[in-house]
Protein chains: 2
Amino acid sequence: MTDPSDLSATASLPLALDAMGGDNAPREIVAGARQAVEEHGLDVVLVGRPEELGDTGGLEVVAASQVIAMDADPASSVRTMKDSSLVRVAELVRDGKASAMVSAGNTGATMASALLRMGRIKGVKRPAIATPLPVPGADTPTILLDAGANAECEPNWLVQFAQMGAVYARDRYGIAAPRVGLLSIGEEPTKGTPLVKETHKLLAAGDWIGQTGAAFVGNVEGRDLLTGELDVVVTDGFTGNVALKTLEGGIKALVNALFAAFGADERTQAAAEVLLPTLAPLYGKLDPENTGGAMLLGVDGVCIISHGSSSARAVVNALLVARELVDHGVVGHLRAAVAG
Amino acid sequence: MTDPSDLSATASLPLALDAMGGDNAPREIVAGARQAVEEHGLDVVLVGRPEELGDTGGLEVVAASQVIAMDADPASSVRTMKDSSLVRVAELVRDGKASAMVSAGNTGATMASALLRMGRIKGVKRPAIATPLPVPGADTPTILLDAGANAECEPNWLVQFAQMGAVYARDRYGIAAPRVGLLSIGEEPTKGTPLVKETHKLLAAGDWIGQTGAAFVGNVEGRDLLTGELDVVVTDGFTGNVALKTLEGGIKALVNALFAAFGADERTQAAAEVLLPTLAPLYGKLDPENTGGAMLLGVDGVCIISHGSSSARAVVNALLVARELVDHGVVGHLRAAVAG
């Protein structure tokens, strides 16, 4: 159950932002933080090497002397680099000094840091990465989890992913009755791996639904991810990560080919300019910079994982999402859903 | 090793086409067969219910009284429906009366029929479905296997998929030194499932390469599938099927959104018409109707699996691919590659 007093206490705390994480850190990260404060009135604390942050516009800085590299080994980095920005942001949440952590840094290290410092929500077997997949023509995305936290999963973990995904769909996108699908290679419950078959039985039994308001729609396929007919799709972290990156790569290849066609000659360039106002919203919707990042569901605090290539705009969106999820009390809702 | 006399004997035989398989069967299938004969000079024998085939234009018909439905259980259908068109096409190949089988019918039943009637190539542990993924801007596709034949795999099966995929890349696309990647969730050999980690070791050791001319480029991610930097990607049939369908669904969603934007008003329609000649080749390349279908690699004969929604054009392309692969002696090359 959510403790309302605890919720309001958390809600008044600043967001802890890893200023050193990401391909464009710290410049774009600091720029995003400043923009979030100036334009959206958010309360943000930067964590990193003060001397490298440039002009922070007067934002509070918590010093952290170490930086976990984008390609560093997650577990050993978090274990040995105790004064790294990624470890410190998680500690700020753990110690009640921040309401959420946000990082565009090493994804594995972000997970490890959140897990080791914040711990899991009681009863959660494994945290999962929930990534929103933008659906052209729909108001809300399809939430995919696990998008990469656990390469191997057990059936009851996937059932918890369904519970947590449903809570996330409601708290972040206002979806009261999330439609939950299980990713497989055919709609028949008899198809797929032993993991999928066993998970299907558990999800179909429905004991997990509780107060999540979710409905299990059965097995779904890769081609169903962007139809707008699903709100949450659960799968193991290996399959989920492959699906997510396949989709990103496919859309990127197609968009690049479109731009090449638009730029072919003067006539096509003129035609493309006419189409620009109509295509811009679609392009904006598909841009990962605008999704606000993924959330690590199941750790005992709000942890937002932003794309490694995040620009200032992506950082602003990630901070806005973090703020919104804290205000909605998502961690309390996750706790209640998993407790049943 | 290939037996040249056997090869030339096979090459002179007709292609056996399942006239009853597919969402648009038999009409589109028969139309495709006629077109392939009339426009491309192919030798095709239709297999199905003679009274339902309409005007076959004088094509030879082998009667088969039963039809395996698109959603029928594959194994039991093939076992019990011995006079089905799908079983008969495989028998024609087995009995030396046809050089290849082609079907747009039930994929699982096509695999079962090919496997049970033709058998496996000696030494092949499991056949795999090899599906070409069209790459915008590149001359040749990325070949993905297994795209769905085996939901669960073992490391040495994936090594054979690499061997067979390399042979296929050469025989079908003329790629002399295929670049082979292993699908995972990070480039590091330490990432992924136990299956991926073990397979990586075997592929990196290189004993499998033999005369395939292949080069192992290491682990690749979903986003690498359409970059044009890979020729063959191996994975288990669950992950491969999810990746394939995710890509199909993502491209379809994007293309639909583009068409909606093009048709928004008179100005956008006029602009879209200007772009049409430039966009048409891209659209044609991405259309599954034009890929010529997937091949089931590892059975002892050429088996082409066409999309269930195949039109006459898709059937023509599948027949052309079947003919080409027979003429190139792909089964003999697969035999040699697996034997080492």
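In the predicted model, the centres of domain 1 and domain 2 of chain A, taken over C-alpha atoms, are separated by 25 Å. The domain assignment places residues 1-124 and 298-329 of chain A in domain 1, and residues 135-287 of chain A in domain 2. Seven residues from domain 1 of chain A and five residues from domain 2 of chain A take part in the contact between these domains. On the side of domain 1 of chain A that touches domain 2 of chain A, helix 10 (residues 312-327) of chain A has the largest share, three residues. By class, that side of domain 1 of chain A consists of four nonpolar residues, two polar and one charged.

R172(A) is part of helix 6 (residues 155-173) of chain A. This residue counts as buried because 20 C-beta neighbours lie inside 10 Å, and 20 or more is the cut-off for that class. When neighbours within four places in sequence are left aside, the contacts of R172(A) are V321(A), E324(A) and L325(A). A98(A) is 74 residues from R172(A) along the chain, and 20 Å separate the C-alpha atoms of these two residues.

Strand 1 (residues 15-18) of chain A directs L15(A) and L17(A) one way and A16(A) and D18(A) the other way; all of these residues are buried. The strand has parallel pairings with strand 2 (residues 44-48) of chain A, over four bridges, and with strand 4 (residues 100-103) of chain A, over three bridges. In the pairing with strand 2 of chain A, L15(A) is opposite V44(A). In the pairing with strand 4 of chain A, L17(A) is opposite V102(A). A right-handed β-α-β unit is made by strand 1 of chain A, helix 2 (residues 27-40) of chain A and strand 2 of chain A.

In chain B, strand 4 (residues 100-103) has A100(B) and V102(B) pointing one way and M101(B) and S103(B) the other way, and all are buried. Strand 4 of chain B pairs in the parallel sense with strand 1 (residues 15-18) of chain B through three bridges. Within this pairing, A100(B) is the bridge partner of L15(B). Strand 4 of chain B also runs parallel to strand 11 (residues 302-305) of chain B, to which four bridges join it. There, C303(B) in strand 11 of chain B stands opposite M101(B).

The relation between the two chains was examined next. A turn of 180° with a shift of 0.0 Å along the axis lays chain B on chain A with an RMSD of 0.0 Å. The copies are therefore related as by a two-fold rotation axis. The C-alpha of A271(B) is the one in chain B nearest the axis, at 2.3 Å from it.

The contact between the chains involves 41 residues from chain A and 41 residues from chain B. On the side of chain B that touches chain A, helix 8 (237-262) and helix 9 (266-286) of chain B each contribute at least two residues. Helix 8 of chain B gives the most to this side, with 17 residues. The side of chain B that touches chain A comprises 22 nonpolar, twelve polar and seven charged residues. Of the interface residues of chain B, 100% are also interface residues in chain A, so the copies meet through the same surface.

How values were computed
Residues are numbered from 1 along each chain as its sequence is written. Chains are lettered from A and ligands numbered from 1 in the order in which they are written. This is a predicted model: local features need pLDDT of at least 70, side-chain atom pairs count only at pLDDT 80 or more; totals for chains, interfaces and linings use all residues. Copies are superposed by least squares on the C-alpha atoms of residues with pLDDT of at least 70 in both. Two residues are in contact if their C-beta atoms, placed from the backbone, lie within 7 Å. A residue is buried if 20 or more other C-beta atoms lie within 10 Å of its own, exposed if 12 or fewer, and partly exposed in between; C-beta atoms are placed from the backbone. Two strands pair if DSSP finds at least two bridges between them. A crossover is right-handed if, with the strands pointing away from the viewer, the path from the first strand over the helix to the second runs clockwise. Ala, Val, Leu, Ile, Met, Phe, Trp, Tyr, Cys and Pro count as nonpolar, Asp, Glu, Lys and Arg as charged, and the others, Gly among them, as polar. Domain bounds come from an automatic or database domain assignment.
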